[in-house]
Amino acid sequence: MTVFRHDQGPRALITLAGALDLATAPLVREVLAGCLHDGVLAIDIDLTPLTFCDCSGLNVFLEASLNLAVVGGSLHLHHPPAVVVRVVEITGSGFLLSGSNSAVVRN
């Protein structure tokens with residue numbers, strides 16, 4: 001897993017490349033928590049180069065979304081690969097990710 005972070009004021013673009021699973025979820029969680037700690041309230045996550053995501057990754061996204069929502073921030077997932085869309089569908093958590101202002105899955 002490679003994580004790229006690019007800040008633009010109160011907004012950050014995070015690009016995730018590789019597999020997001022139990023082994024790599026702590027790294028992504030740490031980067032997202034670091035954004036919040038640094039005062040970033042809007043996080044855009046580019047999932048274009050993501051090759052795999054299991055429920056550990058989904059939990060990281062949901063946790064970050066909730067943490068950001070508490071302080072009035074937002075998390076947006078951009079270009080989710082089919083594997084991410086499938087994990088969201090399988091877990092029934094699509095209602096948490098789409099249609100709310102705290103987390104949005106966008107193709």
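Four salt bridges turn up in the structure, counting as a salt bridge any side-chain nitrogen of Lys or Arg within 4 Å of a carboxyl oxygen of Asp or Glu. The model is a predicted one, so local features need pLDDT of at least 70 and side-chain atom pairs count only at pLDDT 80 or more, while totals for chains, interfaces and linings use all residues. Residues are numbered from 1 along each chain as its sequence is written, and side-chain values use heavy atoms, with hydrogens and water left out.

R5, D7 and D38 are joined in a network of salt bridges. On one side of this network, R5 pairs with D7, with 2.8 Å between the closest N and O atoms. On the other, R5 meets D38 at 3.0 Å, N to O. R5 sits in strand β1 (residues 2-8) and D38 in the loop between α1 and β3, so this pair ties together parts 33 residues apart in sequence. Both R5, at 32% relative accessibility, and D7, with a relative accessible area of 35%, come out as partly exposed. Here buried means under 20% relative accessible area, exposed means over 50%, and partly exposed is anything in between (1.4 Å probe, protein chains only).

Away from that network, D44 forms a salt bridge with R11, and the closest N and O atoms are 2.7 Å apart. This pair also links distant parts of the chain, with D44 in strand β3 and R11 in strand β2, 33 residues apart. The two partners sit in unlike surroundings: D44 counts as buried at 11% relative accessibility, whereas R11 is partly exposed at 34%.

As for the overall layout, the protein chain has four helices and six strands, taken as DSSP runs (H or I, at least four residues, for helices; E, at least two, for strands) and numbered from the N terminus. Read from the N terminus on, the elements go β-β-α-β-β-α-β-α-α-β. Of the 107 residues in the protein chain, 44% are buried. Contacts (heavy atoms within 4.5 Å) reach far along the sequence: among those between residues at least 6 apart, 75% join residues at least 24 apart.

The largest nonpolar core has 22 residues; such a core is a set of buried Ala, Val, Leu, Ile, Met, Phe, Trp, Tyr and Cys residues joined through side-chain atoms within 4.5 Å. L16, I43, I45 and F61 have the most contacts inside this core. Two or more residues each come from β2 (11-20), α1 (25-37), β3 (42-46), β4 (50-53), α2 and β5, and α1 gives the most, with five. L16 shows how these parts meet: beyond its neighbours within four places in sequence, its contacts include M1, V3, V28, I45, L50 and F61.

A different kind of long-range approach involves D21, in the loop between β2 and α1. D21 and G57 lie 36 residues apart in sequence, yet their C-alpha atoms are 5.7 Å apart in space. Leaving out residues up to four places away in sequence, D21 touches F52, D54 and S56. D21 itself is partly exposed, with a relative accessible area of 21%.

What about disulfides? A search of the whole structure finds zero, using a cut-off of cysteine sulfur atoms within 2.5 Å. For C53, the closest cysteine sulfur is in C55, 8.7 Å away and therefore too far for a bond. C53 is buried at 2% relative accessibility, and C35 is buried too, at 0%.

Turning to the surface, the protein chain exposes about 5400 Å², and carbon and sulfur atoms supply 60% of that area. Accessible areas come from the Shrake-Rupley method with a 1.4 Å probe, and for residues only the protein chains shown count as cover. L41, V70 and V71 make up a nonpolar surface patch of about 270 Å². Patches are built from residues with over 30% relative accessible area and no salt bridge, joining like charges within 9 Å and nonpolar side chains (Val, Leu, Ile, Met, Phe, Trp, Tyr) within 5 Å. Within this patch, V71 is found in the loop between α2 (55-70) and β5 (74-78), where V71 is partly exposed at 43% relative accessible area.
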